[in-house]
Amino acid sequence: IATYNDSVLEAHTVKNAFPLSVKADFNIKTLDATLDVLAEGFEPLQLINTKDEDLIQYLSNLRFYIDAHGEYRGSDGKVDYYSGGHVMIPDSLVPGGLITNYSLYGNTDFIRLSSFDVKGDMGRVNGKLSYKYGTLQIEGLIGIDDLHLPNGKTVSSEIYIDPIKDGFTFFSPSIQLGNKALAGMQSHVHLLSDSIDFDFEVSDYSKVTDGNSDGVIGVIKLAGSYLNESNYVQTNISLNSISLGSVMEFIREAVPKDAAETVDGFVETAEPYIFTGDVYFSTDFKSVSYNIPYVLVANTREGNQYLFASASGNEQSFQLNRFDLILGSFAVNLSGTMDILPESNEVFFLVDAVASSIPYHFAGSIIENTISISGDYGLDSQVIIGKKGVDGHVNVKNLPVIISDLSLIFSTSTRFSYDYDNGPEVQVN
């Protein structure tokens, strides 16, 4: 029904059993306008006429119980509004269904979600949030209460969001994942005129009381920026004293049950090792480049067991600047390069190695279905992968190898093939 009286045009739905009512008015002199919406168990399918069975299944039992009001002032162009109520989301949209309660209000300058509470079989998330349009600042609190993962484990945390001069910060005292926890998660986001700068830090205190790890506190840091005009992202990830055993434990808590049992077998093996390193990454979403100045993995319980690596590259090339591995009396040093031709995807690589003081040099290529490697000590090898099987050869003369206190010299001229129907065939000279 629509009416006009004293410069005010008013329209509203007819009051009946229909669970949705709408009322609007507009003053043609002042340009003021208001809108009221009341839903009492309204289902979208009550308005949508469709024979799409999938859509009907998805939206069936989606119900709104809300009360909303909005005002527009023509004198200054300002807007005020508020809304509250709850929405029942069925299992067809979210497994287990959800009940969402909320209350919000705002105007031209900000929106404030004074409370929200989302709960269902998957867990519960609640809190409050506000957002200022002009400064893009966020403020509020988010509580995550036993959010269920597919593997049955839960995630719980409280995240505090506070505004700062040019952005906002995130802080969480603890993030609980199953039986594991990360502490002191904090992040800053700076919204500048030409970029968005950000940083992130979280700590792992789970090994502080473990005498075998000497009270090591693991720290992960990230810092970077996004350049608005060039669509360019650059970031640095710093890992300090991260326990490999702790990493395996977190993976065990996050993966499906069957995979968790497999991971569990590696936890004790990884327990003595910690790693530290830096990674630099940049992209304009057309190309990618990275630089790893160093990664160090060391056994904290036994000496002479560590790995050091340094590398860099992009989507077309990779350079292993240094790779040092020491396991007791065994030591190997590697360096090398790999290049990929973008037109043909052909791969060419070089490797220089020193193992137990013996030098090795290799060069190779991967062209279509053929892998070729040649190098010192008469090394000549090739593998051809065909539709019916694999063929290849290995030739080497006087290749020295030291295993512990044993010194060996290898020489061979071998041809081999593997037919998918008839199996392997090997000829050794």
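**Salt bridges and cores in a predicted model**

Reader: Is Lys-180 buried or exposed, and at what relative accessibility?
Author: This model is predicted. Buried means under 20% relative accessible area. Lys-180 therefore counts as buried, with a relative accessibility of 7%.

Reader: Which residue meets the side chain of Lys-180 in a salt bridge?
Author: Side chains of opposite charge can pair when their charged atoms come close. Here the N to O distance is 2.7 Å. The partner of Lys-180 is Glu-249.

Reader: How many residues apart in sequence are the parts that this pair ties together?
Author: Lys-180 lies in strand β13. Glu-249 lies in helix α2, so the pair ties together parts whose separation in sequence is 69 residues.

Reader: Is Asp-264 buried or partly exposed?
Author: The side chain of Asp-264 meets that of Arg-252 in a salt bridge. Both residues belong to a network with Lys-153 and Glu-253. Asp-264 has 41% relative accessibility, so the residue counts as partly exposed.

Reader: Which strands each supply at least two residues of the largest nonpolar core?
Author: That core has 13 residues. Ala-39, Tyr-102, Ile-142, Ile-159 and Ile-161 touch the most other members. The strands that each supply at least two of its residues are β4, β7, β10 and β11.

Reader: Through how many residues does a hairpin join β27 to β28?
Author: The two strands run antiparallel, joined by six bridges. Tyr-418 stands opposite Pro-424 in β28. The number of residues in the hairpin connection is three.

Conventions. Residues numbered from 1 in each chain as written. Predicted model: local features only at pLDDT ≥ 70, side-chain atom pairs only at ≥ 80, totals over all residues. Heavy atoms only, no water. Pairing = 2+ DSSP bridges. Helix = DSSP H or I, 4+ residues; strand = E, 2+ residues; numbered from the N terminus. Core = buried A, V, L, I, M, F, W, Y, C linked by side-chain atoms within 4.5 Å. Buried < 20%, exposed > 50% of the residue type's maximum accessible area, 1.4 Å probe, protein only. Salt bridge = Lys/Arg side-chain N within 4 Å of Asp/Glu carboxyl O.
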